[in-house]
Amino acid sequence: MTMNNLNHNKLLWVLVILLSLTALSWAAPQLAPLFGKTMGAKILGALLILLAFMKVRLIILHFMEAGSAYPPLRLAFEAWVAIAGGGTLLLYLYL
Amino acid sequence: MPGELGLWIFLLADMSIFALYFWVFIWNQSLHPEQFQQGQASLNHSLGLLNTVILLSSSYFAAMAVHSARGQNLNSFRRNIQLTIACGTGFLLVKAIEYGEKFDAGLHIASNEFYSFYFVFTGIHMVHVIIGLSLLSYLLFSLTTAEKIRQQMANIEGTALYWHMVDLLWVVLFSLIYLLQ
């Protein structure tokens with residue numbers, strides 16, 4: 001198998017994972033009642049935020065190729081994911 | 001490293017502005033929970049999901065176009081750029097249908113807080129999509145030989161990077177605006 005084919009397979013797998021996580025986000029509201037009305041909504045919301053930023057990280061690392069970029073660049077984008085995602089999650093949970 | 005350092009810094013700055021949008025949205029959701037819940041319930045979730053699938057797929061095609069360009073595969077590069085443009089155009093069409101539904105229902109940017117955020121944030125994102133489509137179209141019409149692709153590699157990678165940013169911003173907007181309760 002050539003390097004090109006390996007890259008194509010990797011990109012296809014990333015797309016499959018991204019679409020699967022999107023399907024999970026879509027289906028997640030059905031699970032909320034299992035945890036009770038108020039707590040279920042909060043847990044669901046936190047899960048949706050986490051899934052969204054997991055997808056963002058996958059896009060940054062694999063489609064944008066920040067995973068193989070030089071370390072300070074990768075660190076800057078990982079920091080963005082942590083701050084943007086963490087901030088969104090904290091605001092959602094504590095406001 | 002794909003693209004140029006200046007572009008990465010620009011992308012990080014743009015993404016940071018959007019991070020503030022995400023926080024402002026959550027903040028306002030906590031101030032007007034019922035209004036936001038009603039607003040979210042009135043959105044067409046299926047069209048939002050469709051647009052997410054379209055943009056994720058478009059990002060895959062953009063990444064494939066970059067790999068094809070590196071391999072000097074002109075036909076594969078052009079086919080993947082065409083597919084990326086087709087997805088981006090599809091996104092705009094779906095968005096137009098969605099906006100049309102809202103306008104028909106008498107909903108607009110000044111209807112309430114939720115719809116202000118909905119139209120402003122998705123509108124700003126749509127401007128990014130249009131800019132990305134313009135850049136992709138430029139690549140499609142200007143890069144017609146393998147030699148030109150080799151010369152313009154930095155522009156190809158830069159355009160793909162921009163397009164991926166447009167995709168990842170939508171991923172978060174979709175979750176916050178359409179799904180988060």
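Val171(B) is buried, because 25 other C-beta atoms sit within 10 Å of its own and 20 or more are enough for that label. Keep in mind that this is a predicted model.

So where is this residue, and what does it touch? Val171(B) is found in helix α7 of chain B. Setting aside neighbours within four places in sequence, its contacts are Ala52(A), Lys55(A), Val56(A) and Thr52(B). Leu140(B) is another story: 31 residues separate it from Val171(B) along the chain, and their C-alpha atoms are 26 Å apart.

**The side facing chain A**

Those contacts lead on to the interface. Here 33 residues of chain B are in contact with 36 residues of chain A. On the chain B side, the elements giving two or more residues are α1 (5–31), α3 and α7 (153–179). What classes of residue make up that side? There are 22 nonpolar, ten polar and one charged.

**Chain B as a whole**

Chain B has seven helices and zero strands, so if you read its elements from the N terminus on, you get α-α-α-α-α-α-α. Its C-alpha trace spans about 55 × 30 × 20 Å along the principal axes. Of its 181 residues, 39% count as buried. Now take the contacts in chain B with a separation of 6 or more: 82% of them come from residues 24 or more positions apart.

**Two helices, end to end**

Here is how α3 and α4 of chain B look when their ends are checked against the span expected at 1.5 Å a residue.

| Helix | Residues | Number of residues | Expected span | End-to-end C-alpha distance |
|---|---|---|---|---|
| α3(B) | 45–70 | 26 residues | 38 Å | 38 Å |
| α4(B) | 74–104 | 31 residues | 45 Å | 45 Å |

For α3(B), the 38 Å between the end C-alpha atoms agrees with what 26 residues should span. For α4(B), the reach of 45 Å is likewise close to the expected value.

What happens to the backbone just past each helix? Just after α3(B), Gln72(B) takes a positive phi of about 60°. Just after α4(B), Gly106(B) takes a positive phi too, of about 80°.

**What α4(B) packs against**

Which residues of α4(B) are buried? They are Phe77(B), Asn80(B), Ile81(B), Thr84(B), Ile85(B), Cys87(B), Gly88(B) and Phe91(B). The buried residues of α4(B) pack against four elements of chain B: α3, α5 (113–142), α6 (146–151) and α7. That last one brings us back to the start, since α7 is the helix where Val171(B) is found.

Notes: Residues numbered from 1 in each chain as written. Chains lettered and ligands numbered in written order. Predicted model: local features only at pLDDT ≥ 70, side-chain atom pairs only at ≥ 80, totals over all residues. Expected span 1.5 Å × (residues − 1). Contact = placed C-beta atoms within 7 Å. Nonpolar A, V, L, I, M, F, W, Y, C, P; charged D, E, K, R; others polar. Buried ≥ 20, exposed ≤ 12 C-beta atoms within 10 Å, placed from the backbone.
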